[in-house]
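Work through the exercises below with the sequence and the coordinates open beside you. Each one sets a task and then solves it step by step.

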Amino acid sequence: MDLLSTLRHEIAGLDFSQALQKAVSFLRKSVAHYNWVGVYMLEGDELVLQAWDGPEPTQHGRIPIGQGICGLAAREKRTVIVGDVNADPRYLACFPYTRSEIVVPIMRGTKVLGEIDIDSDTPYAFTEKDREFLEGVATLLGERYVRDQ
Ligand code: SME
């Protein structure tokens, strides 16, 4: 089974918040360059951290939609990949060892519900393969959100 099918199977019997926690832990343990994995959901004009897995918590539990790579992905409703976070002034630093980041919106139609945020300790870690896989994960989580609300 591929990773997306395995994840779909693993979260099948869980409610939405359990599914998010399972998903972030599954992603972190399954892919070596996913060093910190979080899911933020949009509440008004803020992204609110709902589930995460990584070596330590972030200080950015709530991110205004105007800030960071997270805010950018939500405003522009598209996946954002930053190969070198230290060279991007929009980046909100969480961990000193983070070198690259991908943020993938979770959508319902044209509405942003939230997003998957992954940090890597490796520069330029995220490729089109990650984008494709994580957009599949975001679709799965978006479907689950719609079903569970
Ligand atoms: N780096 C993010 C903030 C969240 S932490 O990575 C967990 C950003 O620039 O929006």
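A polar contact is a pair of N or O atoms within 3.5 Å. The model used throughout is predicted.

**Exercise 1. Find which residues make polar contacts with the ligand, and state how much of the ligand the protein buries.**

Step 1. Begin with the side chain of Asp119, where an N or O atom is 3.0 Å from an oxygen atom of the ligand, a distance that falls within the 3.5 Å cut-off.

Step 2. Turn to Glu101, whose side chain places an N or O atom 3.1 Å from a nitrogen atom of the ligand.

Step 3. Add the backbone of Cys70, from which an N or O atom lies 2.8 Å from a ligand oxygen atom.

Step 4. Taken alone, the ligand exposes 310 Å², and the protein buries 100% of that area; as for its location, the ligand sits in the largest cavity.

**Exercise 2. Describe the shell around the ligand by residue, by character and by element.**

Step 1. Count the surrounding residues, which number 13, with Ile69, Cys70, Leu92, Cys94 and Asp119 being the closest.

Step 2. Sort the shell by character, which gives eight nonpolar, two polar and three charged residues.

Step 3. Assign residues to elements: β1 (36-43), α3 (68-76) and β6 (111-120) each supply at least two residues of the shell, and α3 gives the most, with three residues.

**Exercise 3. Locate the salt bridge of Glu43 and explain which parts of the chain it ties together.**

Step 1. Search the whole structure, which yields eight salt bridges.

Step 2. Select the one between Glu43 and Arg62, in which the closest N and O atoms are 3.9 Å apart.

Step 3. Glu43 belongs to strand β1 and Arg62 to strand β3 (residues 62-64), so this pair ties together parts that are 19 residues apart in sequence.

How values were computed: Residues are numbered from 1 along each chain as its sequence is written. This is a predicted model: local features need pLDDT of at least 70, side-chain atom pairs count only at pLDDT 80 or more; totals for chains, interfaces and linings use all residues. Side-chain values use heavy atoms; hydrogens and water are left out. A residue is near a molecule or strand if one of its heavy atoms lies within 4 Å of it. A polar contact is a pair of N or O atoms within 3.5 Å; within protein, one must be able to donate a hydrogen and the other to accept it, and residues adjacent in sequence count only if both atoms are side-chain atoms. Accessible areas come from the Shrake-Rupley method with a 1.4 Å probe; for residues, only the protein chains shown count as cover. On a 1 Å grid over the protein atoms alone, a cavity is a set of points where a 1.4 Å probe fits but cannot get out, and a pocket is an open set with protein on both sides within 12 Å along at least five of seven lines; lining residues have an atom within 4 Å of a point. A molecule sits in a cavity or pocket if more than half of its atoms lie within 2 Å of its grid points. Helices (H or I, at least four residues) and strands (E, at least two) are DSSP runs, numbered from the N terminus. Ala, Val, Leu, Ile, Met, Phe, Trp, Tyr, Cys and Pro count as nonpolar, Asp, Glu, Lys and Arg as charged, and the others, Gly among them, as polar. A salt bridge is a side-chain nitrogen of Lys or Arg within 4 Å of a carboxyl oxygen of Asp or Glu.
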